Amino acid sequence: MPTSQPAKDTIALELLRRTAEGDMQAFRELYNQTRSDVYTYLYRMLTVRAVADIALVETYLQAAKSAAKFKGSMKVSSWLLCIARTIAHHKLGQPQIKQAIEKQVINTQTKISLNSLDRQRRLYQAIHSLPLQHREILNLALLPEANFDDLARILKCPVANVKLAVFQAKAEFNKNLLSVGVAQ
Amino acid sequence: MSVKISKLQEQIPLYISGALPNDERTEFEHALKQDSELKQELKEFHEIESVINIAEEITDQHFEQLFTRIQAHVKFQPSATQPVRVEEDSTVIMHREDGIDKASKSSPQTIPSAKSQTESPASTQQTVTHPKQKEEKEEHDEEEHVSIFSKEYISDFISSARLAWGVVIAQFALLIVLWLSSGANGITTIGTDGKPISDIATINVVFADNATQKEIRELLASVDAQIANGPTSIGLYTIYIKGNETDAKYVIDKLKKSTLILLAEPSFI
């Protein structure tokens with residue numbers, strides 16, 4: 001039977017506490033438990049696998065360094081996403097990474113076209129034409145283990161703002177779909 | 001769009017990712033059969049997910065490789081509750097010292113043995129110079145400690161509760177002085193303009209595309225609300241009502257029941 005969400009949160013908290021004491025085994029378990037969401041977020045944001053890999057490593061290094069400072073104001077998984085978010089945004093501000101991402105987006109579009117998945121290519125185009133903040137909120141909203149309350153804590157804003165941001169992002173996505181010729 | 005549907009719409013991402021508990025999942029699927037709006041919303045999210053997730057499958061092996069990289073560089077910051085660990089590795093201590101030759105650096109021994117004392121003049125030289133080096137090291141360490149101490153003192157002082165309370169008391173004293181100097185009329189800020197503002201609550205709304213002006217007017221009149229701002233580029237309006245947060249909640253619930261409303265949430269802008 002899979003572990004329930006509250007139980008997972010408690011386990012993660014205990015693992016982080018032990019990590020703060022320098023317990024490498026606990027750190028490894030914490031990594032295994034949380035890596036999927038963190039990587040999914042980073043990959044969706046950074047698009048290039050090698051960059052996402054580096055960002056993941058940096059995220060967990062920072063987490064190990066700051067474990068003792070965790071105050072418990074949010075779930076451990078949300079805290080890790082906060083760190084990942086800071087790192088991802090820092091990377092997105094670097095011109096060479098921006099270039100690599102643009103290249104990757106074009107490559108993926110070409111790859112999809114070669115597989116004659118025209119609709120998929122247009123959808124991909126529609127999502128990648130979105131402004132970063134819209135893409136990010138959709139990315140976060142679609143993470144398996146993050147609900148709107150978690151997102152509010154990650155983004156440091158009220159839940160109502162998160163809902164509005166998701167609504168805005170979806171409205172913009174639908175507009176983009178029309179502009180790339182995909183009927184709803 | 002009822003309040004319940006709105007809650008179900010929030011659950012769409014969790015439903016897609018399979019993170020919804022069984023009972024909520026059943027409820028969601030039941031609602032899905034009956035509500036075309038929810039179905040459309042789910043379809044949209046599915047489409048977004050299908051393209052946002054174009055990624056190669058990341059294997060456990062790849063994650064393991066990444067962890068090896070993390071492990072190679074990881075440095076744990078000792079927590080405040082942990083005892084301070086004394087650095088016993090002499091090579092590390094020597095690494096911090098400048099001006100010591102390589103031979104003594106590589107040697108883990110800090111006190112020469114009896115054998116080495118009798119062995120060669122070079123080793124005797126090492127024995128003679130050792131206290132000097134020790135002195136230098138102590139001086140250096142002391143300097144380091146002083147600078148660390150002053151840094152720590154400043155950072156402790158800035159983050160100390162004493163300073164925070166000092167600022168609070170100073171501000172409080174300033175307020176008292178201002179209050180006393182302004183006489184019986186009290187303090188009026190530029191923003192308040194003498195009028196109470198606490199009895200106004202604002203709400204963000206988005207109307208359906210097919211809502212007519214007349215319908216919007218009637219709907220707003222029915223909840224005694226007025227438009228304060230909008231529409232923005234995405235059709236977002238800010239409306240206000242006379243009342244507090246509870247009244248706003250009541251109005252939001254009422255608005256959400258109307259088919260003319262796509263979104264109604266407490267305002268943040």
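## Salt bridges, aromatic pairs and the contact between chains A and B

In the predicted model, B:E29 and B:R25 form a salt bridge in which the closest N and O atoms are 3.6 Å apart. Both residues belong to helix α3 of chain B, which covers residues 22-34, and being four residues apart they are separated by about one helical turn. Residues three or four places apart in an α-helix point the same way, because such a helix has 3.6 residues a turn. Neither partner falls under the 20% limit for burial or over the 50% limit for exposure: B:E29 has a relative accessibility of 30% and counts as partly exposed, and B:R25, at 27%, also counts as partly exposed.

Over all chains, the count comes to 15 salt bridges. One network, joined by salt bridges that share partners, consists of A:E14, A:R17 and A:E21. Within this group, the side chains of A:R17 and A:E21 meet with an N to O distance of 2.9 Å. A:R17 is partly exposed, its relative accessible area being 42%, and A:E21 counts as partly exposed at 44% relative accessibility.

A further salt bridge in chain A pairs A:K75 with A:D150, at 2.8 Å from N to O. A:K75 lies in the loop between α3 and α4 (76-92) of chain A, whereas A:D150 lies in helix α8 of that chain, so the pair ties together parts that are 75 residues apart in sequence. Both A:K75 and A:D150 are buried.

Helix α8 of chain A spans residues 148-155, and its buried residues are A:F148, A:D150, A:L151, A:A152 and A:I154. At the start of this helix, a side-chain oxygen of A:N147 comes to within 3.1 Å of the backbone nitrogen of A:D149. The residue that follows α8(A) is A:K156, which has a positive phi near 55°.

As a whole, chain A contains nine helices and zero strands. Read from the N terminus on, its elements therefore run α-α-α-α-α-α-α-α-α, helices and strands being numbered in that direction. Of the 184 residues in chain A, 51% are buried. Among the contacts in chain A with a separation of 6 or more, 62% are accounted for by residues 24 or more positions apart.

Aromatic side chains form nine pairs over all chains. In one of these, the ring centres of A:Y39 and A:Y43 are 6.2 Å apart and the ring planes stand at 15°, so the pair is stacked; the limit for stacking is an angle under 30 degrees. A:Y39 and A:Y43 are four residues apart in helix α2 of chain A and are thus separated by about one helical turn. A:Y39 counts as buried, with 3% relative accessibility, and A:Y43 is buried at a relative accessible area of 11%. An aromatic cluster is formed by A:F27, A:Y31, A:Y60 and B:F67, with members from chain A and from chain B.

The contact between the two chains takes 56 residues from chain A and 49 residues from chain B. The size of an interface is often given as the accessible area lost when the parts come together. For chain A and chain B, the buried area is about 4,900 Å², and 67% of it is on carbon and sulfur atoms.

Five salt bridges are counted between chain A and chain B. One of them links B:E64 to A:R28, with 2.9 Å from N to O. Six residue pairs are found in polar contact across this interface, both residues of each pair being at pLDDT 80 or more. On the side of chain A that touches chain B, at least two residues each are supplied by α1 (5-20), α2 (24-46), α3 (49-66), α5 (95-114), α6 (118-128), α7 (132-141) and α9 (159-179). The largest share, 13 residues, comes from α9(A). By class, this side of chain A has 30 nonpolar, twelve polar and 14 charged residues.

Key:
Residues are numbered from 1 along each chain as its sequence is written. Chains are lettered from A and ligands numbered from 1 in the order in which they are written. This is a predicted model: local features need pLDDT of at least 70, side-chain atom pairs count only at pLDDT 80 or more; totals for chains, interfaces and linings use all residues. Side-chain values use heavy atoms; hydrogens and water are left out. Contact means heavy atoms within 4.5 Å. Buried area is the accessible area (1.4 Å probe) that two parts lose on being put together, summed over both. A salt bridge is a side-chain nitrogen of Lys or Arg within 4 Å of a carboxyl oxygen of Asp or Glu. A polar contact is a pair of N or O atoms within 3.5 Å; within protein, one must be able to donate a hydrogen and the other to accept it, and residues adjacent in sequence count only if both atoms are side-chain atoms. Ala, Val, Leu, Ile, Met, Phe, Trp, Tyr, Cys and Pro count as nonpolar, Asp, Glu, Lys and Arg as charged, and the others, Gly among them, as polar. Rings of Phe, Tyr and Trp (its six-membered ring) pair if their centres lie within 6.5 Å; planes under 30 degrees apart count as stacked, over 60 as edge-to-face and the rest as tilted. Buried means under 20% relative accessible area, exposed over 50%, partly exposed in between (1.4 Å probe, protein chains only).
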